[in-house]
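This report covers helix packing and the main pocket of the model shown here.

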Amino acid sequence: MRQRYLILLSLFASLPAMAVTFQTRLEKVEWKVEGDKFECRLSQPITDFGSGEFVRRAGEQATFRLNARERWMGAGSATLLAAAAPWQPGRGDINLGVVSVAGGAVPFNSSQQQAGRLLAGLLEGRSPVVRHRTQQGGDALEVRLLPVKFNHAYQDYLACTAKLLPVNFDQVKRAQVGFPGGSELDERARARLEIILDFIKADPSVNHIEIDGHSDNSGNRLTNRDLSRRRALAVFDYFKARGFPESQMVMRFHGERYPLVPNNSPANRAKNRRTTVLLSRVELPVEAPAAAPAPAETPAGTSTAAAEPATPAAKREAVRPGS
């Protein structure tokens, strides 16, 4: 009897834990597309869970993530699948690998390659599936998106991504502008500065620029310092000529003091001939409104009515320019 009990116990222990599955009913599936010049999102609400969404930032490819209303997913890992639909006999699921799960409202972000394959799978009628189990060996959890109505939403998503800026703030906030020689901006440098200016125009909250000029060690220190000054000034004047306020820029020059790489080869010296452009968002001081002028005193013995024009015509005459 005891042996039979032990056998049954070992069989139950070997069975997988019950999985909790989140999936929207087929007739209620919808896709949403939202975005602007900085980011586009293609999402599907998931009943009782939150949503699954593809997020593409300017200058990058899309990633996939889940948004959970509750902390359903603890720390651990999850497997991403492009799962075949039940009505696709003979097609197996495609395992896209593992992602690390940290818990919280957004437990993970996939790689760009994984997101690309999930999108391709949706176009083929496959479902993005996330299978997760906590490090403590808790119950398994599965989250599934459905490909219903996807093609139309995907076209709207593509229209959104076509309007994205070429770069995002993280990519442009610190830029290196190279100088092959001297202090003149070449075509490549001007193109780089135009990308920065286009981003600033799209995001007016970026309101401060720091410009630092550098040189290699080819000349003497005084010559190199002046050369780095002229390089910084070339960038400063470029921004100023295109309308960026001079008062919101800071310019410095350092000569050969801060090389990116050792000045031990022509290639390395070329990297050190540069100007660094740093963008930031700062709180600008608010100018206090000008104080209203004090009213003129009425001379003694003169009534207030006599001190003002008596009729509307007289008032217009009193404020005529040049009077």
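In this predicted model, helix α5 (residues 187–202) and helix α6 (residues 221–241) pack at an angle of about 45°. An angle that is neither under 35 degrees, nor over 145, nor from 65 to 115 counts as oblique, and α5 and α6 are therefore oblique to each other. The axes of α5 and α6 lie 11 Å apart, and the crossing of α5 past α6 is right-handed.

On the α5 side, the residues in contact are Arg190, Leu193, Glu194, Ile196 and Leu197. They meet Val235, Tyr238 and Phe239 of α6. Sorted by class, this contact has 6 nonpolar and 2 charged residues, with no polar ones.

A second helix pair is formed by α2 (residues 112–123) and α3 (residues 150–161), whose axes cross at roughly 135° and come within 9 Å. As a result of that angle, α2 and α3 are likewise oblique to each other. Leu119, Leu122 and Leu123 of α2 make the contact with Phe150, Asn151 and Tyr154 of α3. Here the classes are 5 nonpolar and 1 polar, with no charged residues.

The two pairs are set out below.

| Helix pair | Angle | Axes | Residue classes in the contact |
|---|---|---|---|
| α5 and α6 | about 45° | 11 Å apart | 6 nonpolar, no polar, 2 charged |
| α2 and α3 | roughly 135° | within 9 Å | 5 nonpolar, 1 polar, no charged |

Helix α5 also takes part in the largest pocket, where α5 and strand β10 (174–178) each supply at least two residues of the lining. The volume of this pocket is about 150 Å³. Its lining consists of Gln176, Val177, Gly178, Pro180, Asp186, Arg188, Ala189 and Arg192. By class, these lining residues divide into 3 nonpolar, 2 polar and 3 charged.

How values were computed. Residues numbered from 1 in each chain as written. Predicted model: local features only at pLDDT ≥ 70, side-chain atom pairs only at ≥ 80, totals over all residues. Heavy atoms only, no water. Axes fitted to C-alpha atoms, helices over the stretch in contact; angles between N-to-C directions. Helix = DSSP H or I, 4+ residues; strand = E, 2+ residues; numbered from the N terminus. Left-handed = near helix turned anticlockwise from the far one by under 90°. Contact = heavy atoms within 4.5 Å. Nonpolar A, V, L, I, M, F, W, Y, C, P; charged D, E, K, R; others polar. 1 Å grid on protein atoms, 1.4 Å probe; cavity = no way out; pocket = protein on both sides within 12 Å on 5 of 7 lines; lining within 4 Å. Points joined across faces, edges and corners; volume = space filled by probe spheres on them.
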